Amino acid sequence: MADISSSDFEVANTTGYKAGAKKTAAELAQMDAEDESLRKWKESLGIKAGAAAPTTDDPRNVALLSIAMETAGRPDVVIPLDTPDAIAALKNQVMTIKEGVEYRLKVKFRVNHDVVSGLKYLHVVKRAGMKVDKADEMLGSYGPSGDVYEKKFPLEEAPSGMLARGHYVVASRFIDDDQHIHLEWVWSFDIKKEWD
């Protein structure tokens, strides 16, 4: 991926945390059926005993549909992630962000086949080949569902000033506790004095 390496994505592990053994939604539904609190947790993931996972022809377990930039008073800037062609097209598109503006990213995705545990969004931002920002945003754990999930990230403020203006390259990745990379891509944005 451009001049972004895998080491750029390294995140600190939580001390004492170890991801559990991978289980299917059906296996989880049958486990500890008499434990009320565990039953409620499984239902929060959409897992119920005897319930079938949604049927889909999509082989991906996590289907990332879009990521968007939300800014007050402006329509969302939506980046489609649902097809390989849409992702390939991002290499030639540049998003403009007005300096100093508050914005948030939000992602839409669907979980198709099995529970995904500890889904995270990571990105590394570089300018002129130097790393200037890194994000590690936990999305959570989700069960298979026909529904589209939406997760909004905390508000951020775009840098401002003459030195902040310019072109930035971003490498993004969605990964889970099992270190399975669901999607990764490169995109770019320009910080400008005004919106285009």
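This is a short tutorial dialogue on reading a predicted protein model.

Q: How many helices and strands does the protein have, and in what order do the elements run?
A: There are three helices and 10 strands. Starting at the N terminus, the order is α-α-β-β-α-β-β-β-β-β-β-β-β.

Q: What share of the contacts joins residues far apart in sequence, at 24 or more positions?
A: Take the contacts in the protein with a separation of 6 or more. Of these, 70% link residues 24 or more positions apart.

Q: How do I read a strand pair, and which sense do strand 5 and strand 6 take?
A: Begin with the general idea. In a regular strand, side chains point alternately to the two faces of the sheet. Now the case here. Strand 5 covers residues 116–127 and strand 6 covers residues 130–142. They pair in the antiparallel sense, over 10 bridges. To find the register, go to Leu122: Asp136 in strand 6 stands opposite.

Q: What links strand 5 to strand 6?
A: The two strands form a hairpin, with two residues between them. Ala128 sits in that turn.

Q: What is notable about phi at Ala128?
A: The general idea is that most residues other than glycine have a negative phi. Ala128 is not a glycine, yet its phi is positive, near 55 degrees. Ala128 lies in the loop between strand 5 and strand 6. Its relative accessible area is 80%, so Ala128 counts as exposed.

Q: Which other residue has a positive phi although it is not a glycine, and where is it?
A: Look at Gln179, with a positive phi of about 65 degrees. Gln179 is placed in the loop between strand 9 (166–175) and strand 10 (181–192). Is it buried or exposed? Gln179 is exposed, because its relative accessible area is 56% and the cut-off is over 50%.

Q: How do I read the core, and which residues touch the most other members?
A: In soluble globular proteins, nonpolar side chains tend to be buried together. In this model the largest nonpolar core holds 33 residues. Leu81, Phe109, Trp185, Trp187 and Phe189 touch the most other members. Elements giving two or more residues to this core include strand 1 (62–70), strand 3 (94–98) and strand 4 (102–111). Strand 5, strand 6, strand 9 and strand 10 do so too.

Q: What is Trp187 in contact with, beyond its neighbours within four places in sequence?
A: Its partners are Ile79, Leu90, Met95, Tyr121, Tyr168, Val169, Val170 and Ser172.

Q: What share of the protein is buried, and how much area does it expose?
A: Buried residues are 39% of the 196. The protein exposes about 11,100 Å². Carbon and sulfur atoms supply 51% of that area.

How values were computed:
Residues numbered from 1 in each chain as written. Heavy atoms only, no water. Pairing = 2+ DSSP bridges. Helix = DSSP H or I, 4+ residues; strand = E, 2+ residues; numbered from the N terminus. Buried < 20%, exposed > 50% of the residue type's maximum accessible area, 1.4 Å probe, protein only. Contact = heavy atoms within 4.5 Å. Areas by Shrake-Rupley, 256 points an atom, 1.4 Å probe, with all protein chains shown as cover. Core = buried A, V, L, I, M, F, W, Y, C linked by side-chain atoms within 4.5 Å.
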